[in-house]
Amino acid sequence: MTKAKPFIKWVGGKGQLIEQLEALLPADFAEREKVTYIEPFVGGGAMLFYMLQAYPNIKSAVINDINPDLTLCYRVVRDNPTDLIQSLTAIQADYYALTTEESRREFFLAQCDRFNTKSLNEIDNTTLFFFLNRTCFNGLYRVNKAGKFNVPFGKYSMPTICDAATIYADSKLLQKVEIMTGDFEQTFTKIAGNTFFYFDPPYRPLSHTSNFNDYAKENFNDDAQIRLKNFCDRLNELGINFMLSNSDCSGKDGTDRFFDDLFINYRIERVWASRNVNAVASKRGKLSELLIRNYKFESDPKIGLSI
């Protein structure tokens, strides 16, 4: 049986950090009853799919993202997997039939133009989201200020565009997931009973030249990061547990303590993660990231780097 997993590639995906994230869940998480799990920045959903399979005590989940094309993907995978698979199979066959890199590039650019018309039905829009994600450079998703997808061609000859088994597995798991589109703060209304939040917002750039959080036309700047921290304060006041991931701004030279100061009243761990976004291979590699939480264990595990 195929396990559910992210159906798209996503910058900053948490697949490689799942073990460290799980180690920092509340110690009694598996014993909590009728848990409501909320991800206000779902992205590729690695943590979501893992949690729903590992913890049957999660009775309902809520995911949100500001990117409407992404949340539409989740809805189509959940509600209409068969039609999506048929459509993906067709565009995959068309792409595989192309014999030169130039013809594949032209096909890619034509589909990009179609996608950017924003006039497609739900199946076609989601099909092109998948197609562009699998054929663009590094599987990135980036838009300009007008909201137009603008990642260049990735030069892949036979990428897996349609993974039917994964789509069906994901569809089954998503049946108990409510999907929202918009600002993260709207998820506050979904708190119910034993609620746990996991935040994976657009990361704060480590330098002025490394900014890559344009998943939507709305930029997630420092004011937004502060607004997110204030949202976490509201959860903390209600006794609701949360975990939050973000970049370790102090890792470069030790002087930027934006998050250390902002979340000074919470627990901060540093963990290693590989990042392969940069077009220059020499600038890729392992970076430390932050995991922030508002709860403690009787004996906190030694995870990642010492602060």
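**Close-up 1. Where helix H4 meets helix H6 in this predicted model.** On the H4 side, the residues making the contact are Asp83, Leu84, Ser87, Leu88, Ile91 and Tyr95. Their partners in H6 are Ile123, Asp124, Thr126, Thr127, Leu128, Phe130, Phe131 and Thr135. Sort the residues of this contact by class and you get eight nonpolar, four polar and two charged.

**Close-up 2. How H4 and H6 cross.** Here we stay with the pair and look at its geometry. H6 covers residues 122-135, and its axis comes within 9 Å of the axis of H4. The two axes cross at roughly 45°. An angle like that falls outside the ranges for roughly parallel, roughly perpendicular and roughly antiparallel, so H4 and H6 are oblique to each other. As for handedness, H4 passes H6 in a right-handed crossing.

**Close-up 3. H4 packed with helix H7.** H4 is made up of residues 81-96, while H7 takes in residues 164-173. Their axes sit 10 Å apart, and the helices pack at an angle of about 160°. Angles over 145 degrees count as roughly antiparallel, so that is the label for H4 and H7. The crossing of this pair is right-handed.

**Close-up 4. The residues between H4 and H7.** From H4, look for Pro81, Thr82, Leu84, Ile85 and Leu88. From H7, the residues in the contact are Ala164, Ile167, Tyr168 and Ser171. Seven residues of this contact are nonpolar and two are polar, with no charged ones. If Leu84 and Leu88 ring a bell, that's fair: they also appear on the H4 side of the contact with H6.

**Close-up 5. A cavity in the model.** Now for some empty space. Counting cavities of 30 Å³ or more turns up one. The largest cavity holds about 70 Å³ of space. Its lining is made by 13 residues, and the ones nearest the centre are Lys14, Val42, Gly45, Ala46 and Asp200. By class, the lining of the largest cavity is a mix: five nonpolar, five polar and three charged residues.

Technical notes:
Residues are numbered from 1 along each chain as its sequence is written. This is a predicted model: local features need pLDDT of at least 70, side-chain atom pairs count only at pLDDT 80 or more; totals for chains, interfaces and linings use all residues. Side-chain values use heavy atoms; hydrogens and water are left out. Axes are lines fitted to C-alpha atoms, for helices over the stretch in contact, and angles run from 0 to 180 degrees between N-to-C directions. Helices (H or I, at least four residues) and strands (E, at least two) are DSSP runs, numbered from the N terminus. Angles under 35 degrees count as roughly parallel, over 145 as roughly antiparallel, 65 to 115 as roughly perpendicular and the rest as oblique. A crossing is left-handed if the near helix is turned anticlockwise from the far one by less than a right angle, and right-handed if clockwise. Contact means heavy atoms within 4.5 Å. Ala, Val, Leu, Ile, Met, Phe, Trp, Tyr, Cys and Pro count as nonpolar, Asp, Glu, Lys and Arg as charged, and the others, Gly among them, as polar. On a 1 Å grid over the protein atoms alone, a cavity is a set of points where a 1.4 Å probe fits but cannot get out, and a pocket is an open set with protein on both sides within 12 Å along at least five of seven lines; lining residues have an atom within 4 Å of a point. Grid points are joined across faces, edges and corners, and a volume is the space filled by probe spheres set on the points.
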